[in-house]
Amino acid sequence: MSETIQIEQIFPSLTWRIRQQAMYPEKEITDMELADDFEGTHFGLYFNHELTAVVSLFVKDGIAQFRKMAVLPSKQGNGLGKLLLKYVIDYCNQQPVQLLWCNARTSAIGFYTKIGFVTEGVPYQRNQLEYIKMQLIF
Ligand SMILES: CC(C)(COP(=O)(O)OP(=O)(O)OC[C@H]1O[C@@H](n2cnc3c(N)ncnc32)[C@H](O)[C@@H]1OP(=O)(O)O)[C@@H](O)C(=O)NCCC(=O)NCCS
């Protein structure tokens, strides 16, 4: 049977389970909501009709930030994160967006670099994790 991949905009709360499993397995799903979730645009990748990867985009004054890029642990390393982020880049290309950025976990720098993002500034710590700002200029 052939594999199917579909990407679409999703309701904010649908992101929470994937965020929790991929990024915060030690936390509760009820902790996954962002205060501004309802101001964002949320994208979900369905692999064989199962929601498998999510990312949330917040655009203001031509600057876009994506947050909580997450792929289900059992499906990581199969190119799905790259497909989803490229979709978001295409979406930004259709908007008046000059810059797309994120606070990247330094453990994921290689992932973002392969898609064309560059680091900006120096790494910093938050909640026992190390992050660095990464950006893509359009
Ligand atoms: C980071 C994450 C989103 C990447 O998604 P993914 O589907 O696993 O990655 P892909 O399979 O699309 O990888 C695309 C490329 O990036 C590389 N890559 C993926 N994760 C990487 C990492 N953490 N470090 C370095 N390179 C990485 C892959 O090897 C692949 O390289 P290739 O194109 O040469 O084959 C996903 O692994 C994840 O959810 N991790 C846990 C949560 C997390 O860290 N989120 C990011 C927070 S900023």
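By class, how many nonpolar, polar and charged residues does the shell around the ligand have? Keep that in mind as you open this predicted model, and let's walk through the site together.

**Stop 1: the shell.** Select the ligand and the residues within 4 Å of it. You should have 20 residues around the ligand, and V71, G77, G79, G81 and K82 come nearest. Colour the selection by class and you have the reply to the opening question: 10 nonpolar, 7 polar and 3 charged residues.

**Stop 2: backbone contacts.** Now show backbone N and O atoms. Start at M69, where one such atom lies 2.9 Å from a nitrogen atom of the ligand. Then go to K82: here a backbone N or O atom sits 2.9 Å from an oxygen atom of the ligand. Finish at N78, whose backbone N or O atom is 3.2 Å from an oxygen atom of the ligand. With these contacts on screen, add a surface: the ligand taken alone exposes 900 Å², and the protein buries 72% of that.

**Stop 3: the pocket.** Next, hide the ligand and look at the space it leaves. That space is the largest pocket, with a volume of about 930 Å³.

Which elements give two or more residues to the shell around the ligand? Switch to a cartoon view and pick out α1 (16-23), β4 (63-71), α2 (80-94), β5 (99-105) and α3 (109-115). Highlight α3 in particular, as the largest share of the shell, 4 residues, comes from this helix.

**Stop 4: the lining.** Now widen the selection to the pocket's lining, which has 37 residues. Centre your view on M23, M69, A70, R105 and Y112, the residues that lie nearest the pocket's centre. You have already met M69 at Stop 2, through its backbone contact with a ligand nitrogen atom.

Which element gives the largest share of this lining? Select β4: this strand supplies 7 residues of the lining. The elements that each supply at least two lining residues are α1, β4, α2, β5, α3 and β7 (129-137).

To end the tour, colour the lining by class as you did the shell. The lining of the largest pocket has 18 nonpolar, 9 polar and 10 charged residues.

Key:
Residues numbered from 1 in each chain as written. Predicted model: local features only at pLDDT ≥ 70, side-chain atom pairs only at ≥ 80, totals over all residues. Heavy atoms only, no water. Polar contact = N/O pair within 3.5 Å; in protein donor to acceptor, adjacent residues only side chain to side chain. Areas by Shrake-Rupley, 256 points an atom, 1.4 Å probe, with all protein chains shown as cover. 1 Å grid on protein atoms, 1.4 Å probe; cavity = no way out; pocket = protein on both sides within 12 Å on 5 of 7 lines; lining within 4 Å. Sits in = over half its atoms within 2 Å of the grid points. Nonpolar A, V, L, I, M, F, W, Y, C, P; charged D, E, K, R; others polar. Points joined across faces, edges and corners; volume = space filled by probe spheres on them.
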